[in-house]
Amino acid sequence: MTDALPPIPSRGLPLSARAPGKCIVFGEHAVVHGAPELVFAIDLHTQVFVRAGDGFRLNADPEAVSRNGYFRSAIEQSWVGGPPVDVRAVSRIPRAAGLGSSAAFTAAVASAFAAAQGGIDRPALAQRAFEIERGAQGVGSPGDTSTVVGGGYLAINGGDGEPLWTVRAGDRRWEVRRVPDPGWVWVVAHSGVPRSTGDAVRAVGRRLEQPDGPDLLAEFARVAREGIEAVARSDRDRAAELVRRNQELLREVGVSHPRLEALLEAGAPAAQAGKLTGAGAGGSVVVLPIPGREAELVRRLARAGGLPFVVRADLSGVSLVE
Ligand code: MEV
């Protein structure tokens with residue numbers, strides 16, 4: 001079942017698609033090793049415009065196929081033998097910030113290409129977007145791409161709802177389930193420190209091979225499992241406790257950063273809890289505000305040098321634009 005989200009319909013070029021970014025609340029990194037994760041699609045978007053061209057171009061760059069791994073991977077995996085296309089991408093999601101800019105670009109381009117080839121349903125699109133992103137990054141889980149395809153809050157390898165779909169890579173599989181939207185507003189803030197998802201994922205993989213790795217992974221899994229339950233029943237106080245615990249674990253595996261810690265400290269008086277979100281080692285934090293103190297939280301994060309955004313869940317996921 002696809003939770004009533006419509007398939008991407010068939011449509012000829014030129015066309016446009018847009019996809020939300022994402023924010024991981026629990027379980028980043030551990031999800032790569034099979035633990036649960038909770039992610040929601042955020043209401044910041046990337047929109048792509050695709051038309052026939054006389055060469056493959058992204059934002060007018062004729063070298064984009066060799067320069068941009070996501071664009072190359074999308075063409076190689078979902079536009080095989082297709083005619084040259086000119087793609088323009090416009091985004092409000094800061095890049096390399098842990099907020100899903102690459103997943104949003106990937107899902108939007110994959111949807112546009114699929115529409116031009118007869119349309120696609122959501123489970124197949126989730127699998128395809130994951131393969132494109134993995135083709136570019138070399139590592140990772142389908143959490144980001146599934147979330148921008150499915151919208152709302154999703155649990156990967158966790159939760160007790162009916163699976164929306166299963167994503168596969170070789171003999172690995174990740175089950176993706178819907179979690180009810182608690183309707184919360186969050187504040188995310190980009191530290192301005194760029195980072196590489198692939199490098200951070202590999203570093204955490206090495207850390208988890210240490211003797212205490214299995215215990216750490218089990219604790220990541222417990223926090224995410226209980227966090228998914230807390231969000232599903234809109235238990236904000238319990239979710240906040242688990243957000244704090246998740247940040248301690250992320251520190252322990254080495255992916256926090258002094259700039260992220262400074263942002264969390266600056267926001268703390270107006271926050272119930274906060275943590276890094278995404279691959280870490282730079283990138284962004286996600287903070288659950290004390291209700292009514294959102295504006296103060298935004299001011300605090302901005303004064304501390306962050307680029308804050310107030311976000312809530314995008315419930316539609318990727319879609320074509322009329
Ligand atoms: C990156 O947004 C999240 C990671 O868990 C990597 C992944 O799941 O692909 C760090």
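This report describes the two domains of a predicted model, the interface between them, the ligand surroundings and two backbone features.

**Domains and interface**

The domain assignment splits the chain into domain 1, made of 15–180 + 314–320, and domain 2, made of 186–311. Domain 1 is therefore built from two stretches of the chain, as assigned by an automatic or database procedure. The C-alpha centres of domain 1 and domain 2 are 22 Å apart.

In the contact between the two domains, 34 residues of domain 1 meet 41 residues of domain 2. The area buried between domain 1 and domain 2 comes to about 2,800 Å², and carbon and sulfur atoms supply 73% of that area.

Polar links also cross this interface. The rule finds nine residue pairs in polar contact between domain 1 and domain 2, with both residues of each pair at pLDDT 80 or more. On the side of domain 1 that touches domain 2, the elements giving two or more residues are β1 (15–26), β2 (37–52) and β5 (153–156). The element that gives the most to this side is β2, with six residues. Sorted by class, the side of domain 1 that touches domain 2 holds 21 nonpolar, seven polar and six charged residues.

The rule also finds one salt bridge across the interface of domain 1 and domain 2. In a salt bridge of the model, the side chains of Lys 275 and Glu 28 meet at 2.9 Å, N to O.

**Ligand surroundings**

The residues around the ligand are Lys 22, Ile 24, Glu 28, His 29, Val 31, Val 32, Gly 140, Ser 141, Asp 144, Val 201, Gly 278 and Ala 279. Glu 28 thus appears both in this list and in the salt bridge with Lys 275. Three distances to oxygen atoms of the ligand are tabulated below.

| Residue | Atom of the residue | Distance to a ligand oxygen atom |
|---|---|---|
| His 29 | backbone N or O | 2.8 Å |
| Ser 141 | polar side-chain atom | 2.6 Å |
| Asp 144 | side-chain N or O | 2.8 Å |

**Backbone features**

His 29, whose backbone supplies one of the tabulated distances, is in the loop between β1 and β2. Phi of His 29 is near 70 degrees, a positive value in a residue other than glycine. The peptide bond from Leu 13 to Pro 14 is cis, with omega near 0 degrees. Pro 14 sits in the segment before β1. Both features are worth noting because most residues other than glycine have a negative phi, and most peptide bonds are trans.

Notes:
Residues are numbered from 1 along each chain as its sequence is written. Side-chain values use heavy atoms; hydrogens and water are left out. Contact means heavy atoms within 4.5 Å. Buried area is the accessible area (1.4 Å probe) that two parts lose on being put together, summed over both. A salt bridge is a side-chain nitrogen of Lys or Arg within 4 Å of a carboxyl oxygen of Asp or Glu. A polar contact is a pair of N or O atoms within 3.5 Å; within protein, one must be able to donate a hydrogen and the other to accept it, and residues adjacent in sequence count only if both atoms are side-chain atoms. Helices (H or I, at least four residues) and strands (E, at least two) are DSSP runs, numbered from the N terminus. Ala, Val, Leu, Ile, Met, Phe, Trp, Tyr, Cys and Pro count as nonpolar, Asp, Glu, Lys and Arg as charged, and the others, Gly among them, as polar. A residue is near a molecule or strand if one of its heavy atoms lies within 4 Å of it.
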